[in-house]
Amino acid sequence: MRVAPDRLARAGRVAVALGLAMAWLSFGRVLDVDGVPFAPGPLAALPMNPLVASVASFVFASTLSAWASQRREDLTAALLVVLLAAGTQVQAWQWPGDEGANGATMLPGAALTAWWVARRFGGPAAVRDRRAVDAACGMVAGGYFVAAASKVAGSGLAWASAGNIGLQIAAQAAIVGGPLHTLRAAAAESPVFCGLLGVATLVIEGGAVAYVWPPARPWLTVAIVGMHLGIGLLMGLHHYDWMFTTLGLGLASAAEDRR
Amino acid sequence: MTPVLWALAGLFAYMAISLRLGDAFPFSKYSMYAGLKGRDEGAVLSVRVGGVETPVASLDRFVGIDPAAIDAAGRPCSQQWVVVEVRRWVAEHLAAEAGPDAVEVELGFRHLRVDGHVLTERFERVAIGRAHPRRRAP
């Protein structure tokens, strides 16, 4: 049964909204620290406490709900980007040096920014939505490709070696118990499995550059979702903000293909 | 063709800006997992009470522990943000004296190695002192 474009588009919008919500939730640790002690100069006096966080979260949730419902989309998208930027900066100002960089917000924020820019400057109304989705997909391609390039630039292809991946999984096995520990420990002790995981990660992230091409998006969306689920299960790294953003844009792109 | 052009514009914009600016929302080089080559061992921070792994946030009023000793530098640890968080928690919850309910707390690193398909580990202590279990507000 073929799904109607409008349903696909709505599902895509909801998935992207989930990604944005999870990006916002990644700021949860902001509440562990009072204020912004590492902000420069007079900015260090800015308040940051549960009250401020609650108000900001209410505004974010309300704005996100409006955007997901396609109400005043351009305004709400811009406000969401501003809120994510502010939250990212507050979190950075709570850490010494650059240790507080939060990658969770980057891809959802970049995709929404590109979406907004394309809708504002993308020409006639009849094609703006298509172009907005494509521009956002370009950001997805860029985000994953840069992540893969950083790994190769930092470690060469040795990043994907069985020993390296096995160590990462072993470290995550050490901090959990029960069946999850058993699963991760078994994975860490299999050089073939770890080698395949490492290669698959680089291939999927590097290959995501093909997300610029609409026919490749369904396959890459499935691969990227699977990669994130695997990383969450084996390595305890939960980047569902990125995963839902990619899933949502994959659905939105499919909707545009069918219109 | 036009959909590909708009997507390519997004791709090149992301690559150019992230490589030029580094970590500047919403762009990043995502270098946190990049420098992991050449390791044959991994280190995970460990907080123990009575030899049992304990969440650091379940303890406060640390006595006799130097937060500066909680440091991943020189160790093959890819979870630096966890180390910084624990160090900050301890630094913000120090006490001068231990109370009657204090327990002995040990901080260190579990060094993990995969040797011939077998996972082995050794513990490296970096600090030992006393702390108090946190009580939930009524």
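Here are some friendly notes on this predicted model, chain A and its contact with chain B.

1. A word on the ground rules. Local features need pLDDT of at least 70 and side-chain atom pairs count only at pLDDT 80 or more, while totals for chains, interfaces and linings use all residues. Residues are numbered from 1 along each chain as its sequence is written, and side-chain values use heavy atoms, with hydrogens and water left out.

2. Start with chain A, which has 10 helices and zero strands (DSSP runs: H or I of at least four residues for helices, E of at least two for strands). Of its 259 residues, 50% count as buried, meaning under 20% relative accessible area with a 1.4 Å probe, protein chains only.

3. How does the radius of gyration of chain A sit beside that of a compact globule? The value is 20 Å, which agrees with the globule's value near 18 Å for 259 residues (taken over C-alpha atoms; the rule is 2.2 Å times the number of residues to the power 0.38).

4. Now look at the contact (heavy atoms within 4.5 Å): chain B brings 45 residues and chain A brings 60 residues. Of the 45, B:Trp6, B:Phe25 and B:Tyr30 supply 18% of the area that chain B buries against chain A, more than any other three residues.

5. Together the two chains bury about 4200 Å², 70% of it on carbon and sulfur atoms. Buried area is the accessible area (1.4 Å probe) lost on being put together, summed over both parts.

Notes
Chains lettered and ligands numbered in written order.
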